[in-house]
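Colleague: Could you take me through a close look at the part of the backbone with unusual torsion angles, and then follow the surroundings outwards from there? I have the sequence and the model open beside me.

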Amino acid sequence: MAAPKVAVVGAGVIGLSTALCIAETCPSCSVMVLSDQFSPNTTSDIAAGMLIPHTYPGTPMHVQKQWFKETFTYLFAISNSAEASEAGIHLVSGWQVFKNTPKEELPFWSDVVLGFRPMSEAELQKFPQHRFGQAFTTLKCDCPPYLLWLEKRLKATGVQMYTRKVADLWELHSEYNIVVNCAGIGAHQLVGDEKLFPVRGQVLKVHAPWVKNFIRDGDGLTYIYPGIHRVTLGGTREKESWSLSPDPGATKGIFDRCCSLEPSLRGAQDIKVKVGLRPSRQCVRLQREVLSQGGVKLPVVHNYGHGAGGFSVHRGTAKEAARLVGECIAALQGSSLRAKL
């Protein structure tokens with residue numbers, strides 16, 4: 001058969017990295033990215049891009065760990081290259097602190113990040129409200145430059161990008177052999193996924209160049225993540241809220257909570273408020289499906305529903321989605337061969 005045409009729907013970090021993995025693993029494919037929004041207008045542009053995994057209750061732990069490890073290894077190599085600053089990727093050290101000792105003192109990802117250890121008594125003196133903490137070094141992705149870097153890589157491998165609003169995956173069946181659904185929260189409408197729900201996140205991006213270490217409260221609600229140019233302060237987790245309007249009360253709450261962890265933030269300048277909807281479900285939807293109408297079949301690979309943890313596992317899930325696309329291509333080639341016989 002001729003070179004299979006693959007459409008990837010969605011241009012956030014999941015869509016772009018999935019398209020890149022497909023182009024790398026199936027060089028005979030013709031890959032297109034279709035999305036109604038590209039950077040800087042995606043949900044991924046708002047994300048903090050911190051590699052600290054969130055747990056998916058419906059996904060086996062060894063699978064989550066594999067996704068995280070593959071992503072960490074991939075980004076670590078970029079952070080050690082001449083492209084690190086263009087890609088917006090750097091190492092950052094800091095602390096995760098708890099008011100009470102957690103049940104799990106060693107999270108599943110502790111041997112993937114660098115130098116993971118319990119905090120010393122002296123370090124804990126910085127956080128008088130907290131009784132236990134973990135110190136480690138991880139990777140931070142400044143999301144807008146990373147998305148632009150991914151787009152540049154895609155163009156270099158011959159992947160084309162088109163601004164297009166896809167209302168129904170089936171509308172692509174006459175143009176493409178395989179469709180990959182990386183629509184994020186858009187999948188709620190696109191494929192009618194009732195298990196997918198928004199978790200509204202509001203964050204502040206501030207100028208505070210003296211803040212060099214990340215600080216994360218173990219409850220995951222309050223965090224300070226220094227990037228290359230700005231510090232991300234968070235946050236909120238509001239289930240089933242579709243509002244993209246900033247909430248002034250939440251802004252004040254975030255700022256006050258972050259200042260209680262790092263009082264020097266009172267001097268932060270140029271505070272910008274950002275809101276995004278995390279595409280959340282019990283587990284990432286990463287699977288093959290065949291749509292059919294009137295005897296015509298359209299192979300689809302789904303890769304969405306990463307919630308707050310998309311950056312931590314994006315490369316791992318993209319590799320898996322690319323492998324599933326490879327299975328679809330093999331099945332198509334098998335059926336076209338049988339048709340010839």
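Modeller: Happy to! D270 is found in strand β13, and its phi is near 50°, a positive value in a residue other than glycine. Helices (H or I, at least four residues) and strands (E, at least two) are DSSP runs, numbered from the N terminus. Please keep in mind that this is a predicted model, where local features need pLDDT of at least 70 and side-chain atom pairs count only at pLDDT 80 or more, while totals for chains, interfaces and linings use all residues. Residues are numbered from 1 along each chain as its sequence is written, and side-chain values use heavy atoms, with hydrogens and water left out.

D270 is partly exposed, at a relative accessible area of 43%; here buried means under 20% relative accessible area, exposed over 50% and partly exposed in between (1.4 Å probe, protein chains only). E240 also has a positive phi, about 65°, although it is not a glycine. This residue lies in the loop between β12 and α8 and is exposed, with a relative accessible area of 53%.

Two cis peptide bonds belong on the same tour. One joins G234 and G235, with omega about -5°, and G235 lies in the loop between β11 (231–234) and β12 (238–239). Another joins S39 and P40, with omega about 15°; P40 sits in the loop between β2 (30–35) and α2.

Back beside β13 (269–293), E262 is found in the loop that links α8 (248–261) to this strand. E262 is buried, with a relative accessible area of 13%. Its side chain is joined to that of S264 by a polar contact of 2.9 Å (a pair of N or O atoms within 3.5 Å; within protein, one must be able to donate a hydrogen and the other to accept it, and residues adjacent in sequence count only if both atoms are side-chain atoms). Not counting residues up to four places away in sequence, E262 touches K126, V211, I215 and I224, where contact means heavy atoms within 4.5 Å.

From P40 it is natural to go on to helix α2 (residues 43–46), where T43 has its place. UniProt, in an unreviewed entry, puts the feature "binding site" at T43, S44 and V166; its positions are given in the numbering used here, feature names are shortened, and annotations may be inferred rather than shown by experiment. T43 is partly exposed at 39%, whereas S44, also in α2, is buried at 12%. The side chain of S44 reaches the backbone nitrogen of V13 at 2.9 Å. Beyond residues up to four places away in sequence, S44 touches G12, V13, C143, L147 and F311.

V13 leads us into helix α1 (residues 13–25), whose 13 residues should span 18 Å at 1.5 Å a residue; the end C-alpha atoms are 18 Å apart, which agrees. That expected span is 1.5 Å times one less than the number of residues. Of those 13 residues, 11 are buried, so α1 is largely enclosed by the rest of the structure. V13, L16, L20 and I22 are among the buried ones.

I22 brings us to the largest nonpolar core, a set of buried Ala, Val, Leu, Ile, Met, Phe, Trp, Tyr and Cys residues joined through side-chain atoms within 4.5 Å. Within its 65 residues, I22, L75 and Y146 touch the most other members. Helix α9 (residues 310–340) supplies the largest share of this core, 9 residues. Leaving aside neighbours within four places in sequence, L75 is in contact with L51, I89, L139, C141, Y146 and H314. Apart from this core lies another, of 21 residues, including V97, V206, A208 and L261.

Finally, the cysteines: with a disulfide defined as a pair of cysteine sulfur atoms within 2.5 Å, the count comes to 0. For C26 the nearest cysteine sulfur, that of C29, is 4.5 Å away, and C26 counts as buried at 11%. C141, a contact of L75, is in no disulfide either, the nearest cysteine sulfur being that of C143 at 5.7 Å. C141 is buried, with a relative accessible area of 1%.
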